[in-house]
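This report looks at a protein model through its charged pairs, the packing of its helices and its backbone. The sequence and the structure come first.

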Amino acid sequence: DQSGDISAEEAAAHAELMFATMDVNGDGGLVTDEMGAGRMGMMNPWGTPQLMKDHHAARFAAKDADSNGTVTMAEFLAAEKAQYDAADTDGDGKVSPWELRAAMWQ
């Protein structure tokens with residue numbers, strides 16, 4: 001909405017879009033190979049392919065709440081909401097550019 005902050009609605013819509021982008025086979029669940037699809041597959045600030053693979057594995061494990069090897073939309077949204085809530089350090093219900101940047105470096 002060009003307000004300069006990320007609302008909870010904007011974050012939720014983005015999370016749904018990212019899930020749909022990564023769910024390349026459209027089965028409603030993500031497996032480890034799909035977790036690298038979309039935006040997360042294009043970033044590599046960790047230096048080597050193995051470090052990137054390890055990073056994706058850790059992110060996948062953190063989102064796979066029941067440890068069954070598949071991240072459902074519900075698990076993905078719950079994990080993304082937790083990240084959003086953690087980024088909203090002043091508790092005002094939105095994430096400012098400063099809060100977002102600080103959260104990305106943690």
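The text below begins with the overall fold and then turns to salt bridges, helix packing and one loop residue.

**Overall fold**

The model is predicted, and its secondary structure consists of 6 helices and 4 strands. Along the sequence, these elements follow the order β-α-β-α-α-α-β-α-β-α. Of the 106 residues of the protein, 25% count as buried, and the accessible surface comes to about 6800 Å², with 60% of that surface belonging to carbon and sulfur atoms. When contacts between residues at least 6 apart in sequence are considered, 43% of them join residues at least 24 apart.

**Salt bridges**

Side chains of opposite charge can pair when their charged atoms come close. The structure holds 3 salt bridges, which are set out in the table.

| Lysine | Acidic partner | N to O distance |
|---|---|---|
| Lysine 94 | Aspartate 5 | 3.9 Å |
| Lysine 63 | Glutamate 80 | 2.9 Å |
| Lysine 81 | Aspartate 85 | 2.7 Å |

The salt bridge between lysine 94 and aspartate 5, at 3.9 Å from N to O, links distant parts of the chain, since lysine 94 sits in strand β4 (residues 94-95) while aspartate 5 belongs to the segment before β1 (6-7), 89 residues apart. With a relative accessibility of 35%, lysine 94 counts as partly exposed, and aspartate 5, at 24%, is likewise classed as partly exposed. The distance of 3.9 Å falls inside the cut-off, because a salt bridge is counted when the side-chain nitrogen lies within 4 Å of the carboxyl oxygen.

In the pair formed by glutamate 80 and lysine 63, the closest N and O atoms are 2.9 Å apart. Glutamate 80 lies in helix α5 (residues 73-87) and lysine 63 in helix α4 (residues 49-63), so this salt bridge ties together parts that are 17 residues apart in sequence. Lysine 63 is buried, with a relative accessible area of 4%.

The salt bridge between lysine 81 and aspartate 85, with 2.7 Å from N to O, is contained in helix α5, where the two residues are 4 apart and therefore separated by about one helical turn. Lysine 81 is exposed, having a relative accessible area of 51%, whereas aspartate 85 counts as partly exposed at 40% relative accessibility.

**Packing of α1 and α5**

Two packed helices are described by the angle between their axes and the distance between the axes. Helix α1 (residues 8-22) packs against α5 at an angle of about 140 degrees, and the axes are 10 Å apart. Angles over 145 degrees would count as roughly antiparallel, so α1 and α5 are described as oblique to each other, and their crossing is right-handed.

Which residues of the two helices meet? On the α1 side they are Ala8, Ala11, Ala12, Ala15, Glu16, Met18, Phe19 and Met22, and on the α5 side Met73, Phe76, Leu77, Glu80 and Tyr84. Glu80 is thus among the α5 residues that meet α1, and glutamate 80 also forms the salt bridge with lysine 63.

**A loop residue with positive phi**

Serine 67 has a positive phi of about 55 degrees, although this residue is not a glycine. Serine 67 is found in the loop between α4 and β3 (71-72), and at 62% relative accessibility it counts as exposed.

Definitions and conventions: Residues numbered from 1 in each chain as written. Predicted model: local features only at pLDDT ≥ 70, side-chain atom pairs only at ≥ 80, totals over all residues. Heavy atoms only, no water. Buried < 20%, exposed > 50% of the residue type's maximum accessible area, 1.4 Å probe, protein only. Contact = heavy atoms within 4.5 Å. Areas by Shrake-Rupley, 256 points an atom, 1.4 Å probe, with all protein chains shown as cover. Axes fitted to C-alpha atoms, helices over the stretch in contact; angles between N-to-C directions. Parallel < 35°, antiparallel > 145°, perpendicular 65-115°, else oblique. Left-handed = near helix turned anticlockwise from the far one by under 90°.
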